[in-house]
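User: I am new to this structure. Please take a close look at the surface of one part and explain how it compares with what lies beneath.

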Amino acid sequence: MEKSLPLEIGTVQLLEDKIFIQDNAKREHIIRMVSSALWTFYGTMSVLRYLKTGDEFFLWTGLLIGIGHLVVFILSLFRTTKAQIDLAEVQQVAFKTRNSNRFLDLTLSSGKKRRISRIAPAAEELRTFFEEKQIQVK
């Protein structure tokens, strides 16, 4: 049984034992990593500027920006952009909504997560597929 579901950007093909995802996850992942690295660098430079000038504004903004984006960078390391996922790898599926955008998080056996963004057109079909395959759905 092969079923192809359209997403807002991309498609998901559901097979008996695999899922093929065609979306822009790699692009989003690279943008998130580069952006976080640059903002962490900016925060570090701001703290170093505080050491030179003594202006506390540079210290606190540098710490907030640097630490916040360092956390985002580290959390991004625990994400994957695999396009082909075996159903045996999937431990849990979580359907989430944030700012009226629906997305799906697949928790894999390796501990990493695969996020499928903008699933609104195919959300119910995906939910029934994972329930039929007896994968834990949140």
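Analyst: A residue counts as exposed when its relative accessible area is over 50%, as buried when that value is under 20%, and as partly exposed in between. The model discussed here is predicted.

Take Glu132 to begin with. Glu132 has a relative accessible area of 58%, so it is exposed. Its place is in helix H3, which covers residues 123-132. Glu132 also belongs to a negative surface patch, together with Glu124, Glu125 and Glu131.

A second patch is nonpolar. Its area is about 860 Å², and it is made by Trp60, Leu63, Ile67, Leu70, Val71, Ile74, Leu75, Leu77 and Phe78. One of these residues, Leu77, lies in the loop that runs between helix H2 (56-76) and strand E4 (84-86). Because its relative accessibility is 45%, Leu77 counts as partly exposed.

Next come residues with little accessible area. Arg114, in strand E7 (residues 113-117), has a relative accessible area of 1% and is therefore buried. A polar atom of the Arg114 side chain lies 2.9 Å from the backbone oxygen of Lys82. Val12 sits in strand E2, residues 11-14, and its relative accessibility of 1% is why Val12 counts as buried. Val12 and Arg115 are 103 residues apart along the chain, and their C-alpha atoms are separated by 12 Å.

To sum up, Glu132 is exposed, Leu77 is partly exposed, and both Arg114 and Val12 are buried.

Conventions: Residues are numbered from 1 along each chain as its sequence is written. This is a predicted model: local features need pLDDT of at least 70, side-chain atom pairs count only at pLDDT 80 or more; totals for chains, interfaces and linings use all residues. Side-chain values use heavy atoms; hydrogens and water are left out. Patches are made of residues with over 30% relative accessible area and no salt bridge: like charges are joined within 9 Å, nonpolar side chains (Val, Leu, Ile, Met, Phe, Trp, Tyr) within 5 Å. Accessible areas come from the Shrake-Rupley method with a 1.4 Å probe; for residues, only the protein chains shown count as cover. A salt bridge is a side-chain nitrogen of Lys or Arg within 4 Å of a carboxyl oxygen of Asp or Glu. Lys and Arg count as positive and Asp and Glu as negative; His and the chain ends are not counted. The place of a charge is taken as NZ of Lys, CZ of Arg, CG of Asp or CD of Glu. Helices (H or I, at least four residues) and strands (E, at least two) are DSSP runs, numbered from the N terminus. Buried means under 20% relative accessible area, exposed over 50%, partly exposed in between (1.4 Å probe, protein chains only). A polar contact is a pair of N or O atoms within 3.5 Å; within protein, one must be able to donate a hydrogen and the other to accept it, and residues adjacent in sequence count only if both atoms are side-chain atoms.
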